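Reader: I am new to this structure, and a close look at a single part would help me find my footing. Please start with a turn, and then lead me on to the ligand.

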Amino acid sequence: MAALCVGFISPAHAAPDPEKLYETHCLSCHAPNRLGGMGPTLLPESLARLKRADAYKAIAEGLPATQMPGFKEMLKEDEMQVLTAWIYTPNKIPPKWDAEDITASHIVNTENVGLPAKPVFKADPSNVTLVVEHGDHHISILDGDVMEPFHRFQTRYALHGGPKFTPDGRFVYWASRDGWITKYDLWNLKVVAEVRAGINTRNVAVSSDGQYVMVANYLPHTLVALSGKDLSLVKVIPVVARNGKTSRVSAVYDARPRASFVAALKDIPEVWEIPYDGRPVYKGLVHDYQYKEAIAEPGPLPVRQIVLDQILDDFFFDQSYNYLMGASRDVPKGQVVHMGVGRKIADLDIPGMPHLGSGITWEWTDDKGVTHPVMASPNLKDGHIQVIDMKTWKTLKVIPTAGPGFFLRSHEETPYAWADVFFGKNRDVMHVIDKRSLEVVADLKPEPGKTATHVEFDRYGKYALVSLWEMDGALIVYDAKTLKEVKRLPMKRPVGKYNVWNKTRLSAGTSH
Ligand code: DHE
């Protein structure tokens with residue numbers, strides 16, 4: 001009898017089949033092929049930032065303040081283990097998200113279209129600030145004069161990048177990491193339209209005429225142009241280098257003075273500029289002198305491919321948008337590109353992993369009374385802030401910090417720049433740097449042991465808002481002059497904050 005049982009595995013001991021488990025328990029929310037639906041995308045590209053232990057915990061215990069239930073009563077431990085391992089493996093069917101998928105996902109809330117052009121609230125609409133709360137995927141809206149929230153609503157799962165406003169501050173657009181783009185009417189407090197433009201998305205940019213919204217995707221390798229009016233699809237732009245290699249898009253920005261979008265590419269040594277004012281771009285054009293023999297790219301939103309020697313996947317512009325200061329996360333050497341001529345004009349000595357996307361500029365006066373435009377950026381790897389003279393492109397000063405940081409912020413009306421220490425044991429410290437002496441003049445510690453991050457100011461630079469990046473966190477309002485705490489507003493893991501005036505006026509102290 002015993003011999004008969006050799007090689008027989010009873011169903012009770014068979015290895016659990018993750019695909020079957022997914023179909024039974026996960027598919028209804030996370031969609032076929034793990035592309036994400038009501039629940040987030042469960043592909044390795046989308047889970048890169050989530051530790052496996054945390055993914056297992058989410059499956060077992062669920063996620064508070066979301067619709068994700070815990071499965072530990074329903075599934076055995078080994079079932080949850082294989083399911084966890086499986087979602088980190090590539091899909092058998094390569095994920096696709098093309099024009100048809102984008103169009104099929106488009107939602108217009110017709111009842112919210114054409115509402116009166118008058119705010120439904122009493123707060124000054126130019127001094128309103130949005131706060132993204134990561135903890136439970138909400139946005140809170142603050143009255144910037146009195147620093148009180150007056151509205152709060154649920155967003156798509158995991159927003160990333162800065163929300164971008166139309167120049168009048170009425171409409172605002174944002175992206176979720178799973179590719180959902182939202183258009184929100186800030187004066188009527190209503191979602192106007194939504195569309196899923198990608199599977200793994202980085203951020204959005206809005207053209208200064210409000211006509212287009214451009215979406216940067218990691219997956220698929222595309223830029224997606226949408227109508228600023230209702231988010232309908234205008235154009236999918238496949239990101240393919242001159243040598244045929246495709247690339248993820250790290251981010252896209254609106255270069256307002258140039259009337260163009262500029263995209264940072266992760267995998268190819270090119271910077272793409274996409275004019276939106278109808279001016280032509282010439283195929284194969286590398287240098288200006290080739291204009292005459294070149295053929296204009298057909299259609300709207302043509303692409304100008306600026307070819308470089310090195311990948312620049314993180315960058316920053318001067319206030320005129322004539323100069324792009326870029327670096328790659330993998331090559332610790334930066335360069336300055338002149339956007340007009342489309343080539344490198346200087347090297348930047350920036351070691352570590354500069355976070356140029358979070359850089360700021362200001363006018364700095366030396367001992368002789370000479371004014372220099374300077375830019376400064378935090379560093380994701382080393383504990384310092386680097387200040388660069390934008391006339392000579394040389395490092396003016398390296399300001400040591402208590403650890404690597406994520407964000408640096410200031411305002412025209414304050415002499416200080418605020419720098420977080422996002423990583424390491426000092427993540428509870430917020431440095432206050434004097435923009436004149438280039439020295440740290442105060443270390444704030446809003447809550448010992450808790451991460452303090454990302455600063456935004458009100459319109460007048462009177463208050464500095466700091467995020468206490470914890471599930472039971474807070475938005476801490478400081479008096480920007482005395483550096484004293486004014487109040488604390490409880491919030492769920494607040495991260496970025498965006499003041500309408502500072503963003504629409506392209507304040508030098510913040511990202512645009
Ligand atoms: Fe961000 C903006 C890249 C991780 C919060 N982040 C940006 C921008 C880029 C970027 C290129 C500028 C987009 C824009 O202006 O619209 N971020 C990256 C990364 O490459 C990185 C290191 C890793 C990743 O996988 O994305 C990264 N970012 C994070 C976080 O872990 C943060 C703290 C929490 C989160 O959202 O996941 C985070 N990033 C932010 C915020 C902004 C941002 C709040 C907007 C800042 C602003 O003031 O405009």
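Author: Happily! Let's begin with the hairpin formed by β25 and β26, which has five residues between its strands. In that turn, Trp393 has a positive phi of about 60°. The strands (DSSP runs of E with at least two residues, numbered from the N terminus) cover residues 384-389 for β25 and 395-400 for β26. They run antiparallel and are joined by five bridges; two strands count as paired if DSSP finds at least two bridges between them. To see one bridge, find Ile385, whose partner in β26 is Ile399.

A word on what you are looking at: this is a predicted model, where local features need pLDDT of at least 70, side-chain atom pairs count only at pLDDT 80 or more, and totals for chains, interfaces and linings use all residues. Residues are numbered from 1 along each chain as its sequence is written, and side-chain values use heavy atoms, leaving out hydrogens and water.

Antiparallel strands appear again in an open sheet of four, in the order β9-β10-β11-β12. Its edges are β9 and β12 (233-238), each of which pairs on one side only. On average, neighbouring strands here are turned by 20° against each other, direction ignored; the axes behind such angles are lines fitted to C-alpha atoms, and angles run from 0 to 180 degrees between N-to-C directions. Inside this sheet, β10 (residues 212-219) and β11 (residues 222-227) share five bridges, and Met214 stands opposite Ala225 in β11.

Now for the ligand. Arg202 has a polar side-chain atom 2.9 Å from a ligand oxygen. For Arg409, an N or O atom of the side chain is 2.7 Å from an oxygen of the ligand, and for His454 such a distance is 2.8 Å. A pair of N or O atoms within 3.5 Å is a polar contact. The elements giving two or more residues to the shell are β9 (200-206), β13 (249-255) and β35 (494-499), so the edge strand β9 of our sheet reappears here. The largest share, three residues, comes from β35. In total, 24 residues surround the ligand, Lys164 and Ser511 being among the closest; a residue is near if one of its heavy atoms lies within 4 Å.

Finally, confidence: the chain's mean pLDDT (the predictor's confidence in each residue, from 0 to 100) is 92, and 95% of its residues reach 70 or more.

Note on methods:
Polar contact = N/O pair within 3.5 Å; in protein donor to acceptor, adjacent residues only side chain to side chain.
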